[in-house]
Every structure is written in C-alpha cells, then in structure tokens.
Amino acid sequence: MENPGAVSLWFGNCSNEDLLSKYVEIKYDSEGDRIPSSFMNDFKIDFLEYNQDLLECTYNEYPTSSLSELLKNVSYSDSLISELEDFYGENLEEQYNIVIRLYDFEYEKLVEEAKLDGRDLKYMGSVIYED
C-alpha cells in the first residue's frame, strides 16, 4: 500500500543482473496495456499500489551478510542501514547479493518469499527512510 516515507525491501540471490532486471520489468501487450512483472505477480502487488519509478534494484557479484555492504550507495542508504541494523544487527543470518527496494510503499506481507533464479527472494520488511 502507498505510504510516503516508507520503503519495502526484498533480499535474495540471483546469478546475474539481467535476470534481476527481467524479473522486475513491466511489459506491454499488443494493445498497450501493462503486463505485471514476475515480481509483482509473485508478491501479489497490483498496479493500483505500484509505481515503477519508485523501484530500485541492486545486484552485487558476491553475496554478503553485511547490511552496510548490501545497501552501500543506494538512495537513503544511511537511513535504511540504521533502521535495518536496529532490527537485524549489522549482519544478517544469510548472505544475499540482490536487494529490491520499493519506495513510498509499505508491503502488506501477502507473500513472504518467492523464487528468483531458483533461489529464495525474501520480503525483509518495511522501514521509514524519510519523515
């Protein structure tokens, strides 16, 4: 659901950046109507709630459990790292190499995880990035 100042985050692993891009890509049919991305379908997010312009993805070649490494150089990184470290600590229990962020959106956790590239993609939560 739309929520200005909140960001929802999904962490996972993927073998390459192209697969990640295709996973979140919205396509159009022959009549010009939007076709939801695999990401939207997997997590049951519809176009009424979703603004593609507020979606950011990060791919790192090597997986890490460090939140500061996963979120280095992303929009509002200091706020995101601080909020997530308060909950998870500096390091996560698992290692990841991708992060999907949807800004001004608070996911209602209809689906906790899905498969991307045969691997788990997990909803990690929503945090406040801007008051």
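**View 1. Helix α1 lies across four strands in this predicted model.** Helix α1, residues 17-24, crosses β4, β5, β6 and β7, the last of these spanning residues 119-128. The direction of helix α1 is at about 140 degrees to that of β4.

**View 2. Helix α4 packs on the sheet.** Helix α4 is formed by residues 77-88 and touches β1, β5 and β7. The directions of helix α4 and β7 make an angle of about 105 degrees.

**View 3. Five strands form an open sheet.** The strand order is β4-β5-β1-β7-β6, and the pairing is antiparallel. At the edges are β4 (55-66) and β6 (113-116), each of which pairs on one side only. On average, and with direction ignored, neighbouring strands of the sheet are turned by 30 degrees against each other. In general, strands of a sheet pair through backbone hydrogen bonds.

**View 4. Strands β1 and β5 run antiparallel.** Strand β1 covers residues 2-12 and strand β5 covers residues 91-105; seven bridges join them. One residue pair to look for is phenylalanine 11 with its bridge partner in β5, valine 99.

**View 5. The largest pocket holds about 160 Å³ of space.** Its lining consists of Tyr88, Asn91, Leu92, Glu93, Glu94, Tyr96, Lys122 and Met124. Two or more of the lining residues come from each of β5 and β7. Strand β5 gives the largest share, five residues. Sorted by class, four residues of the lining are nonpolar, one is polar and three are charged.

Definitions and conventions. Residues are numbered from 1 along each chain as its sequence is written. This is a predicted model: local features need pLDDT of at least 70, side-chain atom pairs count only at pLDDT 80 or more; totals for chains, interfaces and linings use all residues. Side-chain values use heavy atoms; hydrogens and water are left out. Two strands pair if DSSP finds at least two bridges between them. Axes are lines fitted to C-alpha atoms, for helices over the stretch in contact, and angles run from 0 to 180 degrees between N-to-C directions. Contact means heavy atoms within 4.5 Å. On a 1 Å grid over the protein atoms alone, a cavity is a set of points where a 1.4 Å probe fits but cannot get out, and a pocket is an open set with protein on both sides within 12 Å along at least five of seven lines; lining residues have an atom within 4 Å of a point. Grid points are joined across faces, edges and corners, and a volume is the space filled by probe spheres set on the points. Ala, Val, Leu, Ile, Met, Phe, Trp, Tyr, Cys and Pro count as nonpolar, Asp, Glu, Lys and Arg as charged, and the others, Gly among them, as polar.
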